[in-house]
Amino acid sequence: MNGDEVLARLAELQQGDLPTHGGRTLAYVYDSGLAEVDRVGREAVAAYAATNGLDPTAFPSTLTMENEVVGLTADLLGAPETVVGTVTSGGTESVLLAVQGARDARPDVAAPRMVLPSTVHAAFLKAAHYFGVEAVVVPVGPDHRADVAATRAAVEADPERTVLVVASAPSYAHGVVDPVTDLAAIAAEHGTRCHVDACIGGWVLPYAARLGRDVPPWTFAVPGVTSISVDLHKYAYAPKGTSVLLHRTPELRRPQFFASADWPGYTMLNTTLQSTKSGGPLAGAWAVLRTIGDEGYLELTRTLLEGVDALVAGVRAIDGLHLVAEPDSSLVTVATDGTCDVFTIADELAAAGWLAQPQLTFAGQPPTLHLSLSAATDVGAFLAALRSAVAVAVERGPVAVDPGIVEFVQALDPAALSDADFDGLLAAVGMVGGEEGPGLPERMGEINALLDVGSPRLREALLTAFLDRLARPVRTI
């Protein structure tokens, strides 16, 4: 294939993807709506695509950009002069490093543990799995914020082994900020680190406060907060994937570093989980931050939050829907009154060109619809589509799963299922198709309804089995 043919094939493949611009994909991507910002970001990524951030002495421009990006982030979060930071590949890597650093700072603890609210991002559970840190999960209150008393009890149950306390600003599932002041105080009282996961809200909440919004305290201005993670590819509207992990002092960051001279090659020295890393995402983030600027972000946040206000008012005006929580930032979570279901609503929205993310039943809470707005989202158009989707869902009624199937699914032990069992289950819910291999139907309502009655472990097992069947090599191109 020549170059033009390759690019044409890429364009053809991309036709099946969700749109990354226009504000209609209310998860995964974030759109400023500014064409010039997108152009500058793309060209910066391309200019640095072959650059390797592994060695800043070879590519000193990457060090300059990283220090400037970290400095801009530190200024935004009111960080002290002692703060240091690292640009990572995304929120998950920032979280992994925060947990790994907390663990490795305490080599005296043989079995470290960290205390997490049940609404914390799953990346922390991934970190627990990877690094052998026990995840002590505590409940949240009726407002979906971390329970302070439960957190204190969990820390005091074994303070010597507790290396980290975590808070969200805001939590992904419900869009509310945890009581960071109280949680950080508990951590400080016991000499424990406190990490604030502001990956999705860190570039919105400071500007929201400047616009006069009521924002709970969560930054380095809160005593006891030792580290904060903020994603730039979310509401800083930078190309994917960049995140910033800030530590209050260099001493707190130092355990994050990895060095090894115990081999015949170059001395390996890494600030992140990656060794080789393209300078492209960093350059794209640096370019976008410089292009939009402080006042630009203030106006983008104003537009974004006015959209949130309009969406909240619109949801309240639709019979059958209600807000799960009053949003503190740009995330809005919606539930139904039982006359319809969120899975059908999501299908109808998808048919109208909108992605809304269903969230399954958890800890006795019903399924919900998650909406991450962008500055580019046309809220009026979305509300019109939402009203139509709800009307269809009410007319059809909630997706019904046969009681016998529910009983069968709930009795399954995921650990005891064979590949043949998984193939049967996947076929039963329409997630595997004939000779063409695995595939998804156009509508997901019935599949989500069946997944919803399964345990979290069964959901994990089924979706892992499905992904395993999707991720197979194509031997002839």
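**Exercise 1. Determine whether His144 is buried or exposed, and describe its backbone.**

Step 1. The relative accessibility of His144 is 8%, so this residue counts as buried (buried: under 20% relative accessible area; exposed: over 50%; partly exposed in between; 1.4 Å probe, protein chains only).

Step 2. This is a predicted model, in which local features need pLDDT of at least 70 and side-chain atom pairs count only at pLDDT 80 or more, while totals for chains, interfaces and linings use all residues. Residues are numbered from 1 along each chain as its sequence is written, and side-chain values use heavy atoms, with hydrogens and water left out.

Step 3. His144 sits in the loop between β3 (134-138) and α6 (148-157) (helices are DSSP runs of H or I with at least four residues, strands are runs of E with at least two, numbered from the N terminus).

Step 4. Although His144 is not a glycine, its phi is positive, about 70 degrees.

**Exercise 2. Find the contacts of Thr119, leaving aside its neighbours within four places in sequence.**

Step 1. Locate the residue: Thr119 belongs to the loop between β2 (113-117) and α5 (123-131).

Step 2. Its relative accessible area is 9%, so Thr119 is buried.

Step 3. Contact means heavy atoms within 4.5 Å. With the sequence neighbours set aside, Thr119 touches Val140, His144, Ser171 and His174.

**Exercise 3. State where the cis peptide bonds at Pro170 and Gly241 lie.**

Step 1. The bond from Ala169 to Pro170 is cis, with omega near -5 degrees. Pro170 is placed in the loop between β4 (162-168) and α7 (180-189).

Step 2. Lys240 and Gly241 are joined by a cis peptide bond with omega of about -5 degrees. Gly241 lies in the loop between β6 (227-231) and β7 (243-247).

Step 3. The loop between β6 and β7 also holds Tyr237. Phi of Tyr237 is near 60 degrees, a positive value in a residue other than glycine. At a relative accessible area of 6%, Tyr237 is buried.

**Exercise 4. Compare the span of α4 with its expected value and assess its burial.**

Step 1. Helix α4 covers residues 91-104, which is 14 residues. The expected span is 1.5 Å times one less than the number of residues.

Step 2. From first C-alpha to last, α4 reaches 20 Å, close to the expected 20 Å.

Step 3. Of the 14 residues of α4, 11 are buried, so the helix is largely enclosed by the rest of the structure. Among them are Gly91, Glu93, Leu96, Leu97 and Val99.

**Exercise 5. Characterise the surroundings of Gly307.**

Step 1. Gly307 is part of helix α10 (residues 280-316). With 11% relative accessibility, Gly307 is buried.

Step 2. Apart from neighbours within four places in sequence, Gly307 is in contact with Leu373 and Val379.

Step 3. Ser374 is 67 residues from Gly307 in sequence, and their C-alpha atoms are 8.5 Å apart.

**Exercise 6. Test the overall dimensions of the protein against the globule rule.**

Step 1. The radius of gyration is taken over C-alpha atoms, and the rule is 2.2 Å times the number of residues to the power 0.38.

Step 2. For 477 residues, a compact globule would have a radius of gyration near 23 Å; the protein has 23 Å, which agrees.

Step 3. Along the principal axes, the C-alpha atoms fill a box of roughly 65 × 60 × 55 Å. Buried residues make up 49% of the 477 residues.

Step 4. Of the contacts with a separation of 6 or more, 72% are between residues 24 or more positions apart. The secondary structure comes to 16 helices and 15 strands.
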